[in-house]
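Biologist: I am new to this structure and would like a close look at one part of it, the small sheet near the end of the chain, and at how the rest of the fold is arranged. Could you take me through it step by step?

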Amino acid sequence: MYSSQKSRKKALLWDKNIILFPRKINGKFYFLHRIKPDIQIVSIYDLSELTHTFWDNFFLRFSDYILISPKYEHEVSYVGGGCPPIETQLGWLVIYHGVHDTIDGYVYCACVSLLDLDNPEKEIARLPYPLFEPEYEWELHGIVNNVCFPTGAIVNNDTLYIYYGAADEHIACASVNLSELLRELKP
């Protein structure tokens, strides 16, 4: 065993919610992932770069990769992945989940951030309130109560349809006018 390997400390991390951007940006693949309580961003030119050395260096400079941290009350406990980023004229629209702990347990809601189109490592806007949160019976009560967990989205004309898990028991769809949402986010 090499001395550098002897000095390494093993740590278990819960790395979840990996989401690829739908195209390369400036020749790089970008993806989001979540190590609580934040969402991190990673960029690589080629998948072969994802080696043990890459991840060792990533964790040595971990704070440099944090993209979205809990900021508002509805996401104060932690944030995590959601839908693949959507390219818009104002930037990359990211629909993610935010969680806050209440007396009745965790509440999961849909949140929205806007990232720079050419540099998605830069957040340019964020809604200060949830896009939607549990309010219907089938979102409030189920296998896991109080959950609206966004997982997919499509744009048809000017309507954004967001598919989400509801109380970990149902699949639902919410819609919003995309132009109005972007106006709300416009920096």
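**The sheet and its surroundings**

Modeller: A good place to begin is one pair of residues: Gly 152 has its bridge partner in strand E11, and that partner is Tyr 163. Please keep in mind throughout that this is a predicted model. The pair belongs to a longer contact line, since E10 and E11 run antiparallel and are joined by eight bridges. Looking at the whole sheet, we find three strands in the order E10-E11-E12, which form an open sheet with antiparallel pairing. Its edges are E10 and strand E12 (170-177), each of which pairs on one side only. On average, and with direction ignored, neighbouring strands of this sheet are turned by 25 degrees against each other. Helix H4, made of residues 178-185, packs on the sheet and touches E10, E11 and E12, while its direction makes about 75 degrees with that of E12.

Between strand E10 (148-156) and strand E11 (159-166) there is a loop, and Asn 157 has its place there. Is Asn 157 buried or exposed? Its relative accessibility is 74%, so Asn 157 counts as exposed. Although Asn 157 and Leu 178 are 21 residues apart along the chain, their C-alpha atoms are separated by 8.9 Å.

From the sheet we can move to the nonpolar interior. The largest nonpolar core has 21 residues, and those with the most contacts inside it are Leu 93, Ile 95, Phe 132, Leu 160, Tyr 164 and Leu 185. At least two residues of this core come from each of E7, E8, E11, E12 and H4. Ile 95 offers a view of the surroundings: leaving aside its neighbours within four places in sequence, Ile 95 is in contact with Gly 82, Cys 83, Ile 86, Cys 111, Val 112, Pro 150, Ala 153, Leu 160 and Ile 162. Apart from the largest core lies another, of 16 residues, which includes Ile 19, Phe 21, Ile 25 and Val 79. As a general background, nonpolar side chains in soluble globular proteins tend to be buried together.

Two of the strands that supply the largest core, E7 and E8, also form a hairpin with two residues between them. Strand E7 (residues 92-102) runs antiparallel to E8, and eleven bridges join the two; along this pairing Val 99 stands opposite Tyr 108 in E8. E8 also pairs with strand E9 (residues 123-126), again antiparallel, through three bridges, and here Ser 113 stands opposite Arg 126 in E9. Why can strand E8 be called largely enclosed by the rest of the structure? Nine of the eleven residues of E8 (residues 105-115) are buried, so this description fits.

Aromatic rings add a further set of links, and the structure holds 14 aromatic pairs. One of them joins Phe 21 and Trp 92, whose ring centres are 5.2 Å apart and whose planes stand at 85 degrees, so the pair is edge-to-face. This pair links distant parts of the chain, with Phe 21 in the loop between strand E1 (15-20) and strand E2 (29-35) and Trp 92 in strand E7, 71 residues apart. Both Phe 21 and Trp 92 are buried. Another pair is made by Tyr 78 and Tyr 108, with ring centres 6.3 Å apart and planes at 85 degrees, so this one is edge-to-face as well. Tyr 78 lies in strand E5 (residues 78-82) and Tyr 108 in strand E8, so the pair ties together parts that are 30 residues apart in sequence. Tyr 78 has a relative accessibility of 7% and therefore counts as buried, and Tyr 108, at 16%, counts as buried too. Over the ring of Tyr 78, 4.3 Å from its centre, sits the charged end of Lys 36. Elsewhere, ring pairs link Phe 54, Trp 55, Phe 58, Phe 59, Phe 62 and Tyr 65 into a cluster.

The path back to the sheet passes through Asn 146, which has its place in the loop between helix H3 (137-140) and E10. Asn 146 counts as buried because its relative accessibility is 13%. Not counting residues up to four places away in sequence, Asn 146 touches Asp 104, Tyr 106, Val 107, Tyr 108, Pro 134, Glu 139 and Leu 140.

Methods:
Residues are numbered from 1 along each chain as its sequence is written. This is a predicted model: local features need pLDDT of at least 70, side-chain atom pairs count only at pLDDT 80 or more; totals for chains, interfaces and linings use all residues. Side-chain values use heavy atoms; hydrogens and water are left out. Buried means under 20% relative accessible area, exposed over 50%, partly exposed in between (1.4 Å probe, protein chains only). Helices (H or I, at least four residues) and strands (E, at least two) are DSSP runs, numbered from the N terminus. Two strands pair if DSSP finds at least two bridges between them. Axes are lines fitted to C-alpha atoms, for helices over the stretch in contact, and angles run from 0 to 180 degrees between N-to-C directions. Contact means heavy atoms within 4.5 Å. A nonpolar core is a set of buried Ala, Val, Leu, Ile, Met, Phe, Trp, Tyr and Cys residues joined through side-chain atoms within 4.5 Å. Rings of Phe, Tyr and Trp (its six-membered ring) pair if their centres lie within 6.5 Å; planes under 30 degrees apart count as stacked, over 60 as edge-to-face and the rest as tilted. A charge sits over a ring if NZ of Lys or CZ of Arg is within 6 Å of the ring centre and within 35 degrees of the ring normal.
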